[in-house]
Structures are given as C-alpha cells and as structure tokens.
Amino acid sequence: MAKIPHRLYLTEDQMPTAWYNLRADMKEKPDPMLNPATGKPCVEEDLYPVFCKKLAHQELDNDTRFVDIPGAVLDMYKNYRPSPLCRAYNLEKALDTPARIYYKFEGNNTSGSHKLNSAIAQAYYAREQGLNGVTTETGAGQWGTALSEACAYFGLPLTVFMVKASYQQKPFRKAIMHTFGAEVIASPSDTTDAGRKLLAEDPANPGSLGCAISEAVERAVKGDNVRYVLGSVLNQVLLHQSIIGLESAQAMELLGEYPDVVVGCAGGGSNLGGLIAPFARDKILGKADPRLVAVEPASCPSLTRGRYAYDFCDTGKITPMARMYTLGCTFTPSPIHAGGLRYHGMAPILSKLYHDGYMEAESVTQTNVFDAATLFARQESILPAPESAHAIWGAIKEALRCKEEGRSETILFGLTGTGFFDMTAYESYMAGTMQDYVPTDAELHKSMDKLPKIPGIQE
C-alpha cells in the first residue's frame, strides 16, 4: 500500500455544492426554540426582526437534507477551499502510537479559522435581502475577523461587539477588522442598554459571549434595516459549517480511511457540529459507529457540568430560548485565552446528540491545552489557536489510549485555526504565569438556579 500523503487537497470540482442538514436524519429532533414573549415554539416570522429571512428559514428547517450553496458563496469559498486533510505523521512518531492521526486544517484564510465558512453565507443572504448593515459579537476575534472579510466582499456595513477580555488580549484582531471596514466595540459597552446595565453592576466585567450577543441584538433591532448574525450555536451556522465534515469524509474515502474517533473543540459548537455532521449521520443511521468526542474548557464546562434545559442565548435575555446544555445565561466565564469557547451554552443540535448518547464530552484546563498545543506545534510546524488545541489535547489522549491498548485506530480532529494572534497566551504559558481556573459547584449553581421557569416545560 502506497504511503498516504501528508496533505490531501480535493480539487475545486470535488468541493461539495450543498450543505448537509443533520437534523433531517436525527431520529429525535432538537427541541424547538421558544418565543420568550409567548413561551410557544418560534415560527419563522418571530425571527425576522433579528435574522435575515432565508437564515430564519434555515434555522427552523428540520426536514431539508441538503441545501444548495449559492453560486456567489461558492465563488468566495474557492479563494481558500477545499481545505486540506492532513496526516500527523510527526505527532504519531513523537507519541509512539499505532493510531493514525488526521486533522482537517481550517486556518488557510485571513481570519485564520473555520468561521469564514458561515460568515460568507450570512453576509451573502444579508446583501441579497438589501439590508443596510449587520451586527455581531465575537469572542476570540475569529468570527469578527471572518465576518469583516465577508461583509467587505459583499459591501455590507458591520458592527462587532468584541468580548472585552479578548479585546484587550488580542489587539491585532481589532486591527484586521478595522482594515476590512468594521466598527469594533469592547463589550460590555456604554453604547447599549444591555451593556450599561452590566457595567453598572460590575464596572470591571470582562465580558462574555452572552453579553456581547445582547448588545449586538439590541443594536440590530433598534437599527434601520439592520439584522444580527451569529457565528456559532445556531442551526443555520452548523449547517454552513457542514462543509468541513463533508470534505473530510470525501477525502478520507479517497484514502480508504474512516475515523474510529472524531474529536473537536466545543464552545458554542460550530466547528464540532460541522466536522462531525456526516459521521453523526452514519452513526444515527447505523452505517458506522464512530466515537464523537467534544472537548471543552474546564472553566466553561457546559456539556460536562451544565444542565439540559431551556435558556436564553444571551445575557440580556432578549433572544429566543433554546434547549441546550447550559451553565445559565448569567454565567461569566473566567477570561481564559480560548475566548471562542467562553459561551454559557452548547448548540441545540450537539446538546441533543450528547443527551441521546451519540456524543461524548470531556473538559480540560488551559495549561494542559497549551501542553498539547506546544507539542503539536513542534512536531507539525503549525501554531494552533487555543480553541483548536482543545481538540489536539483530545486527539493526543485518544492516541495514547491506542498505544496503551495496542489498537491501530484512525483518529480525526478539527484544527479550527491558527494561533498567530494568541502570542500573549503562548508567552504566558512559556513564562509559567498561565493559571487554571475551574468553577466550583456553588458558582455554577448560582447561575443555573436562575434558569427561566416555563409553565408545563420547566417549572
């Protein structure tokens, strides 16, 4: 058998032309979003004040298996897609493992991450609807950067509310967003009612994704023909990100491989949901039985320590409620360097898969994450983002298990992006000043005990 290449690129002609909607094949669908004003399941029209109409349709569509990717979106995808599927030969050797380790690398674009896959789609639909602009939030800055790129491409004004901890940690992310013409505001800010309320309660509030979402939604609904777009959690985002998994499955098939284990980092769920989509389908339909593993930060453990309940998607409690694993929308995670994983809840699709036993979850502290990131960088010559390094940690753990058990399994993980804007994090790790934080049960219960009461559903 010929040696498998280090990197396999599909051709443009082989790139998927439709996104895959996993909900269509789920035996039990995720619970519906609830309108907070009525407590009843949302209909498309309920979402129109916040989302573009076609995105609202994608959000609630549980039945359409494949959704055609618009031509203009495909054209921009071809600037950086298909992305490579890589074999981590050097890492395998360093670990002395019989496992075969593959990773899907999504960092080959200016945003340095997978986020551009959904940003292009959402900006396209916003421009198609004739909007005057869009608003969004960003944690680590990857989503804000990606959306800035996409909005510049389609000539659409953008306002980004960036979580204050990341705003201060990653100044060059702001510079890129400004280069592409976006307005960037540290959140919580004094520019919205939601932000002013939080600052009044705690002037030193480091911010959270839930808080930034509140500000972005408020700015959108008060704007003139402006809508809000989100980079994770939502069904529509996982739909767009399915191109990651579809390309991965296609490339692995060309190599005569199929993963025994698929590992992804987990914050809101966009990368993980996109990566596992076709493999989760095979598991649900009984065609294969891969293990699907989510790795989340121990400081924000929504899957491993949260509750499966209806909750608001934002701190200000103005968005629809979703049933998900959540720490409570009032939970403020510690300002770890993996800012993109500091979200209080997990995507409803992934929450349902985890709840029904199709997916596993683990949590890890950030110093262990950077142990894995540094080992990977030295072996594979790619500096990973802190978010991605959670998946690397998970893959290494699985590879060492294979070594201990003498099993030659195939491991696939998602390398969501590069760490070039995270050098303060690497400096802190190398200097030995990085600290781990794991919330106590009491701290988690403080926010989870405030989950909304819904008559007949969640008393």
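Is R196 buried, exposed or partly exposed? In this predicted model, R196 comes out as partly exposed, with a relative accessible area of 39%. Its salt-bridge partner is D193, and the closest N and O atoms of the two are 2.6 Å apart. D193 is partly exposed as well, at 43%. Both residues belong to helix α9, where they lie 3 residues apart, or about one turn of the helix. That spacing fits a general pattern: an α-helix has 3.6 residues a turn, so residues three or four places apart point the same way.

Searching the whole structure turns up 29 salt bridges. One of them pairs E28 with K352, with 2.9 Å between the closest N and O atoms. E28 sits in the loop between β2 and α1 while K352 is part of helix α14, so this bridge ties together parts that are 324 residues apart in sequence. K352 also meets the side chain of D356 in a salt bridge, at 3.4 Å from N to O. As for exposure, K352 counts as buried because its relative accessibility is 7%, whereas D356, at 31%, is partly exposed. Elsewhere, shared partners join R291, E360, E398, R401, E405, R407 and E409 into one salt-bridge network.

Turning to the rings, the count of aromatic pairs is 14. Take F376 and F413: their ring centres are 6.0 Å apart and their planes make an angle of 80 degrees, so the pair is edge-to-face. The two come from distant parts of the chain, with F376 in helix α15 and F413 in strand β15, 37 residues apart. F376 is buried, at a relative accessible area of 0%, and F413 is buried at 0% too. Ring pairs also link Y124, Y125, Y153 and F154 into a cluster. Charges get in on the act as well: the charged end of K174 sits over the ring of Y167, 3.8 Å from its centre, and that of R281 sits over the ring of Y20, at 4.9 Å.

Then there are the nonpolar cores. The largest has 74 residues, and W19, Y77, I120, I276, L350, L353 and M359 touch the most other members. Helix α5 gives the most to this core, with 8 residues. A second, separate core has 38 residues, including V295, A372, I382 and I411.

Helix α10 rounds things off. Its 13 residues reach 18 Å from first C-alpha to last, close to the expected 18 Å. The helix is mostly covered, with 11 of the 13 residues buried; among them are L209, C211, I213 and V217. The cover over these buried residues includes β6, β7, β8, α9 and β9.

Methods. Residues are numbered from 1 along each chain as its sequence is written. This is a predicted model: local features need pLDDT of at least 70, side-chain atom pairs count only at pLDDT 80 or more; totals for chains, interfaces and linings use all residues. Side-chain values use heavy atoms; hydrogens and water are left out. Helices (H or I, at least four residues) and strands (E, at least two) are DSSP runs, numbered from the N terminus. The expected span of a helix is 1.5 Å times one less than its number of residues. Buried means under 20% relative accessible area, exposed over 50%, partly exposed in between (1.4 Å probe, protein chains only). Contact means heavy atoms within 4.5 Å. Rings of Phe, Tyr and Trp (its six-membered ring) pair if their centres lie within 6.5 Å; planes under 30 degrees apart count as stacked, over 60 as edge-to-face and the rest as tilted. A charge sits over a ring if NZ of Lys or CZ of Arg is within 6 Å of the ring centre and within 35 degrees of the ring normal. A nonpolar core is a set of buried Ala, Val, Leu, Ile, Met, Phe, Trp, Tyr and Cys residues joined through side-chain atoms within 4.5 Å. A salt bridge is a side-chain nitrogen of Lys or Arg within 4 Å of a carboxyl oxygen of Asp or Glu.
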